[in-house]
Structures are given as C-alpha cells and as structure tokens.
Amino acid sequence: MPEHRNTVLMIEDNPIHARLIHNLLKETGDDVYELITAVTLAEGLRRIEQDRIDIILLDLVLPDSQELDTFIRVRTAATQLPIIILTGLDDVSIAAKAVEAGAQDYLIKNEIKGPHLTRAMHYAIERVRATRGEWDSPMFRLAQQQFLKAAQIMDLDENIRERLLFPQRTHVITLPFRRDEYNVVETVFGYRVQHLLTMGPTKGGIRYHEDVNLGEVSALAMWMTWKCSLMNLPFGGAKGGVRIDPTGLSRSELQRLTRRYTSEIIDVIGPDKDIPAPDMGTDEQVMAWIMDTYSQQIGHTVPGVVTGKPVVLGGSLGRKEATGRGLVYLISAAARHIGMPLQGATAVVQGFGNVGSNTARFLEEEGVRLVAVSDVTTGIYNPNGLSYAELVDYAQKNRFLKGFPGGEAVTNKELLELPCDILAPAALQNQITAENADRIKCRILAEGANGPTNLEADEILNRKNIFILPDILGNAGGVTVSYFEWVQDIQNFMWTLKEINERLHGILLDAFQRTVARAETMHTDMRTAALIEGINRVTEAKLLRGIFP
Ligand code: NAD
C-alpha cells in the first residue's frame, strides 16, 4: 500500500451511494485515502484543476453529463490519473466501454465491499504508474482488457487476477551493433518478457519491428500464456523483441544484431528456462544464429534453445509452415461448424510473410479461391482468383508484391473490406477496429496475426454473426509444432511430417471443440471462451502450487 495519503475524488450525485463509499472507506480503517466529493461534472472538473488528486471514482450518470461522454470529459481533464467507474448493475456495459476507452477498472455499487474498494484503488494507481512510458501500448491495453473481460465472466479469483495482469519477469536492454560502415554503431532497445513461470519453461517468439516496446512485448507474452495453456502445452508465455526496422539491415548487420541481442539475454534463455522462436521480422536463419551464439557460450551444441530452426540444425519438419497450416485446419473445422463448404469459398489474406503465405497456400489446396492478398507494399485483388505459385514466385524475385501483374492493386485498408467468405489477417495488430468493423463482409474471421481485432470491433463482428477464430486459437499451430520441435530436440528423436501434422491436427481440433463448447455453455463469444479455457488451466496450476514462501 502507498505510504503517503492518497486523495480520492469521488464524482457522484446520488447521496446514498456517496455515503456508502464514504462508510466503506471509513470501515476499512485504512487511513491512506482521503475522500473529497463532487456532485456534478462541472464541480468535479474544477476539483481536478485545483486539488492534487491521486485517483478518481466516477459515476457516469450525472446531472450535467451522461454516460461515456462523462468519462471522456474527465479523462481529457485528467490524462494521467487512475479512474475507477462506479456503476449500477444496469449500466455495466457502459462501464465496460469506459474501461476500454482507458478507465482502469469498474466497480458495481451494490456489490462493493470495503477491502475490495481499497484494493481496486491501490491496483488502479499501480497500473497507471506502470503503464506510463514503456508499458504504454494499445496492444498491452487490449491484452489486459481482454483478460479482464474474461476474468469478470468466469468470476476469476481476485488474487490470481492481479497476479496475471502483468508479466512475472521483464528484461529491458539496450544493445549496440556495428553497421556495415565500420565506424557507425547503432544502439537499440531490446526486450525479453516472461509472463508466466508456473507451467514449465516459457515460450515465445522474437519480433524485430520499429514499434516494439515493453508493453507490446508484454501483450504478446500474455497471449502466449493463454495460447500454450489452451493447447495444453507445458509452457508459460514469453516474447522478445528489438525496436528496429529489419528491412533496412543487410544480412551481416542482422547477424551482428542477433548475436549481440542473444548474448544480452543469454542468462534468461535455455531449453529448460525460456525458448525463443520466430515472429515478425525474424526467421529460420535468425534462429540459427541465436542457437549458434548460445551454443558457443555454453561450450556445446544446444539445439533445444530455440525452435523454428532450419531442419538440418535440429529443426522440426513442418514447423516453418505450421502456423498457416494450423490456421487452415481450424478454418476447415469452423466451416464445417457453420455449414459452409470450403470448396469454391473465397478468401482474403492480409500479409504474405510466413503466416500469410502459408495460409494462402493451404487454403488453395483445400479448393478455396484466393481473391486478395497483401504485404506491406500493396494489396492485390482478383475476384477470379490468384495463383499461390505465381504470387510466391513474384515475391521471391521482387521481395514484395508491389507490381504483381495478376490482379488489381488495392490498399491494405480496402483489402480488409472486400467481400469474401474467409478473411485472414496475418500481418499486424490493430487492423479491425470500430472504424471498419461494420464494413467487414466475411463469414469466418481467421486471425493469423496476434491482436488484429480490438474489443469494440469484436462486439460489432459478433453482432454481425461473423464466426471468429481468435488469435490464441487461430495461430496456435506455430507454438504447437514448436513444442514438437523442442520435444524432439531434448530426446534426440525425429518425427515424420505425417506424424507431426496428425498430432497438430488432433491438438488444434480438440482446442477448437473445447472452445466452441465453452462459448455455447457460457453464452459468450469465441475469443472470451478461448481465453477462459486458457486462464482456467493456469489458475488451477497456480492454486495447486501455492505461493512461496
Ligand atoms: P513475417 O515478418 O514473416 O510477415 C509479415 C507480413 O506482414 C509481411 O508480408 C509484411 O510485408 C506484412 N506487413 C507488414 N506491415 C504491414 C502493413 N502495415 N500492412 C500490411 N501488411 C504488412 O511475420 P509472420 O511471422 O508471418 O507474422 C505475422 C503475424 O503472425 C504477426 O502478428 C505474428 O505475431 C503472428 N504469428 C506468427 C507466428 C509464426 O510462426 N511466425 C506464429 C503465431 C503468430
């Protein structure tokens, strides 16, 4: 608990509710909070300007302002302050919207107990402190809000809820590497975040991208936790990254950067500790350099330190294409579930890297007509169908899709809104938002990328009855075959591609069926159901292990 007194501004016009909060604070005997009250928004805004406030408790329905607008006006006046919404049972959905728009939490007035109130305030203050700066990322907010929504629906143990909201270990480093021009040294930020150490070693990719920060990597690590748990894999979630645009680096620069990054995180990775894999901007070659650097330092070859390596170095058959292959297994299951034949269905794929190109390839193999694909440079649209082989051939020769002659050029924004049966975002986060969700026309949204859809968009898509394969299920084929790779490495054993694909299919289908069943029994959407499946297993493990000491 904070040592100094915190001034709590309560903006609440109902005297009964105001007295309730006042009494609850008094009852706890906790004198770290001093309460001041305002009964209108105008008075509240004046207090924010004049007084040194530490936290705001806000009723959204006031005499001079109503609902979300109330929150937005308070947030605009107090950009850095934690805000907890006080809501009645009838207005929970507006309170949830305020949380999505940046409030730290909400409390249902009739259900608040004294210790619960002070705990909620304490954590709201802590959360704001932590999310300033490095932590401040839309992706981290999305991951936390998704988790909080699932926690609310499943009535998650409050202690576990706070424990899982932030990663267990974070490593922020700055590292230098030489450019090809010998005297030029770049210093960049690097990260390795381990969200959960309860389930076994941690597992997660390494991303090279110019927007990477601690918040983004933490969001990805948190999603890895739920994903591994949903798949019943013996891993907790992790993720790493370097804030750099890798497309501007030569091969030797990329190698020097990777080797230095590996040596900076060498103490926290290892086959029993934390096992990296490829993500955006990294590939088999980067994994080979990480494995080599680690092995040189340890003194012998350690293939199990990374997955997604080339097969000749102990990589697994089928790993490279596993995420796309897995996504298509799940699309087939989803199509069967909604009674849509895959043969002759149409698909749009955003992104033509590892996940996007393999998704396109396996969709085509299933008889799906690929009508549009894209990469960072352009989208290509042809309602009569695009040929996967021609696209790959062009991308290999020209590096990007720009200029591909087999279709009409469209922007990535337009691409997402094209009519199709299957839409597979397989590039970046935050692609489907409240701005475009209404214009999305697919029947199945198959998330290959992590975090492509935000919460507001989710609601719209669910209302439109679009079947969503949420990222932690949709792209879990990658980590599942990574798990197979790790198992083969530590046992010095090789499985056939047939064995790998059969096991992958079995694991994904089982997770799909559990998610559908949970969504049905809990009357919730597929994303929340998948999260609850993942969170449940982690919770059970945490409660069984207890707390040290
Ligand atoms: P990649 O680097 O191989 O490919 C990324 C693709 O996205 C490229 O075609 C790139 O041109 C395109 N792209 C980049 N910026 C874009 C933009 N602004 N608009 C449109 N396209 C853009 O990366 P990847 O490994 O295929 O990863 C893609 C997504 O899938 C990421 O969200 C990643 O976290 C997720 N994912 C990857 C794996 C895996 O095994 N590689 C596993 C699970 C999830």
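## Close-up views of a predicted model

**View 1. Polar contacts around the ligand.** A backbone N or O atom of Gly-281 is found 3.1 Å from an oxygen atom of the ligand, in a model that is predicted. Val-376 also takes part through its backbone, where an N or O atom lies 2.9 Å from an oxygen atom of the ligand. Asn-450, by contrast, takes part through its side chain, in which an N or O atom is 2.8 Å from an oxygen atom of the ligand. When the ligand is taken alone it exposes 830 Å², and the protein buries 84% of that area.

**View 2. The shell of residues around the ligand.** The ligand is surrounded by 21 residues, and those that come nearest are Arg-207, Asp-279, Thr-323, Val-355 and Asn-450. Sorted by class, this shell consists of eight nonpolar, nine polar and four charged residues. Domain 2 (167-313) and domain 3 (322-478) each supply at least three residues to the shell.

**View 3. The domains of the chain.** The domain assignment divides the protein chain into domain 1 (6-131), domain 2 (167-313) and domain 3 (322-478). Between the C-alpha centres of domain 1 and domain 3 there is a distance of 42 Å.

**View 4. A salt bridge between Arg-256 and Asp-180.** In this pair the closest N and O atoms of Arg-256 and Asp-180 are 2.9 Å apart. Arg-256 belongs to helix α9 (residues 251-264), whereas Asp-180 sits in the loop between β8 (169-178) and β9 (185-194), so the salt bridge ties together parts that are 76 residues apart in sequence. Arg-256 has a relative accessible area of 32% and is therefore partly exposed, and Asp-180, with a relative accessible area of 44%, is likewise partly exposed.

**View 5. A buried salt bridge between Glu-321 and Arg-325.** The side chains of Glu-321 and Arg-325 meet in a salt bridge, with a distance of 3.4 Å from N to O. Both Glu-321 and Arg-325 are buried.

**View 6. A salt bridge within helix α13.** Here the side chains of Lys-397 and Asp-393 form a salt bridge, with 3.0 Å from N to O. Both residues lie in helix α13 (residues 388-398), where Lys-397 and Asp-393 are four residues apart, or about one turn of the helix. Lys-397 counts as exposed because its relative accessibility is 63%, a value over 50%, while Asp-393, at 36% relative accessibility, counts as partly exposed. Elsewhere, salt bridges that share partners join Asp-105, Arg-127, Arg-161 and Glu-162 into one network. The count of salt bridges in the model comes to 37.

**View 7. The contact between Thr-198 and Lys-542.** Thr-198 is located in the loop between β9 and β10 (202-209). With a relative accessibility of 13%, a value under 20%, Thr-198 counts as buried. The side chain of Thr-198 makes a polar contact with the side chain of Lys-542, at a distance of 2.9 Å.

Notes: Residues numbered from 1 in each chain as written. Predicted model: local features only at pLDDT ≥ 70, side-chain atom pairs only at ≥ 80, totals over all residues. Heavy atoms only, no water. Near = heavy atom within 4 Å. Polar contact = N/O pair within 3.5 Å; in protein donor to acceptor, adjacent residues only side chain to side chain. Areas by Shrake-Rupley, 256 points an atom, 1.4 Å probe, with all protein chains shown as cover. Nonpolar A, V, L, I, M, F, W, Y, C, P; charged D, E, K, R; others polar. Domains from an automatic or database assignment. Salt bridge = Lys/Arg side-chain N within 4 Å of Asp/Glu carboxyl O. Helix = DSSP H or I, 4+ residues; strand = E, 2+ residues; numbered from the N terminus. Buried < 20%, exposed > 50% of the residue type's maximum accessible area, 1.4 Å probe, protein only.
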